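The following exercises are to be worked with the sequence and the coordinates at hand. Each task is followed by a solution in steps.

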Amino acid sequence: MCLGIPGRIVELVEGPPPMGVVDFDGVRRQVCLAYTPEARLHDYVIVHVGFAISRVDEEEAVRTLAVIRAIPGGMDEVSG
């Protein structure tokens, strides 16, 4: 199953394409922000296969992460 995982942008990286470091519940990954040009530092984004595909508010991100954490192995793809 493919999921979009919410994470918080903690660093912006200049250059084409626009990139950022996104924190997923303590795990940080570099993510392409080309599809979310409106995303800013500290925003939450939904990430699918290394691309931020939409912004999401903090409340929704927290709820979604709680559901993913409740699934056995739900965060394995992010942390692995």
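**Exercise 1. Overall architecture**

In what order do the elements of the protein run from the N terminus on? Describe also the burial, the contacts and the surface of the chain.

*Solution.* The coordinates are those of a predicted model.

Step 1. The assignment gives two helices and five strands. Read from the N terminus, the order is β-β-β-β-β-α-α.

Step 2. The protein has 80 residues, of which 32% count as buried.

Step 3. Among contacts with a separation of 6 or more, 35% are made by residues 24 or more positions apart.

Step 4. The accessible surface amounts to about 5,000 Å², and carbon and sulfur atoms hold 56% of this area.

**Exercise 2. The nonpolar core**

Determine which residues make up the largest nonpolar core, and which elements give two or more residues to this core.

*Solution.*

Step 1. The largest nonpolar core has 12 residues: Ile5, Ile9, Val22, Phe24, Val31, Leu33, Ala39, Val45, Val47, Ala52, Leu65 and Ile68.

Step 2. Two or more of these residues come from each of β1 (5–13), β2 (19–24), β4 and α1 (58–70).

Step 3. Take Val31 as one member of the core. Beyond four places in sequence, Val31 touches Pro18, Met19, Gly20, Val22, Phe24, Val47, Gly50, Phe51 and Ala52.

**Exercise 3. The β4–β5 hairpin**

Describe how β4 and β5 pair, and examine the turn between them.

*Solution.*

Step 1. Strand β5 covers residues 51–56, and its pairing with β4 is antiparallel, over five bridges.

Step 2. One bridge partner can be named: Ile46 is matched with Ser54 in β5.

Step 3. The two strands form a hairpin with two residues between them. Within this turn, Val49 has a positive phi of about 45 degrees.

Step 4. For reading side-chain directions in such strands, a general rule applies: in a regular strand, side chains alternate between the two faces of the sheet.

**Exercise 4. Thr36 in its loop**

Is Thr36 buried or exposed? Locate the residue and list its contacts.

*Solution.*

Step 1. Thr36 belongs to the loop that lies between β3 (27–32) and β4 (44–48).

Step 2. The relative accessible area of Thr36 is 1%, so the residue is buried, the cut-off being under 20%.

Step 3. With residues up to four places away in sequence set aside, Thr36 touches Ala52, Ile53, Ser54 and Arg55.

**Exercise 5. The surroundings of Asp23**

Establish which polar partners the side chain of Asp23 has, and whether the residue is buried or exposed.

*Solution.*

Step 1. Asp23 is part of strand β2. Its relative accessibility is 19%, and therefore Asp23 counts as buried.

Step 2. A polar atom of the Asp23 side chain lies 3.0 Å from the backbone nitrogen of Gly26.

Step 3. The side chains of Asp23 and Arg28 are joined by a polar contact of 3.2 Å.

Step 4. Outside its neighbours within four places in sequence, Asp23 is in contact with Gly7, Arg8, Val10 and Arg28.

**Exercise 6. Salt bridges**

How many salt bridges does the count give? Analyse the bridge of Asp43 and the bridges of Arg63.

*Solution.*

Step 1. The criterion is a side-chain nitrogen of Lys or Arg within 4 Å of a carboxyl oxygen of Asp or Glu. The count comes to five salt bridges.

Step 2. In one of them, Asp43 pairs with Arg55, with the closest N and O atoms 3.2 Å apart. Asp43 lies in the loop between β3 and β4 and Arg55 in strand β5, so this pair ties together parts that are 12 residues apart in sequence.

Step 3. Asp43 is buried at 16% relative accessible area, whereas Arg55 is partly exposed at 45%.

Step 4. Glu59 and Arg63 meet in a salt bridge of 2.8 Å, N to O. Both lie in helix α1, four residues apart, which is about one turn of the helix. Glu59 is exposed at 55% relative accessibility, and Arg63 is partly exposed at 43%.

Step 5. Glu60 also forms a salt bridge with Arg63, with closest N and O atoms 2.3 Å apart. This pair lies in helix α1 as well, three residues apart. Through shared partners, the salt bridges join Glu59, Glu60 and Arg63 into one network.

Terms used. Residues numbered from 1 in each chain as written. Predicted model: local features only at pLDDT ≥ 70, side-chain atom pairs only at ≥ 80, totals over all residues. Heavy atoms only, no water. Buried < 20%, exposed > 50% of the residue type's maximum accessible area, 1.4 Å probe, protein only. Contact = heavy atoms within 4.5 Å. Core = buried A, V, L, I, M, F, W, Y, C linked by side-chain atoms within 4.5 Å. Areas by Shrake-Rupley, 256 points an atom, 1.4 Å probe, with all protein chains shown as cover. Pairing = 2+ DSSP bridges. Polar contact = N/O pair within 3.5 Å; in protein donor to acceptor, adjacent residues only side chain to side chain.
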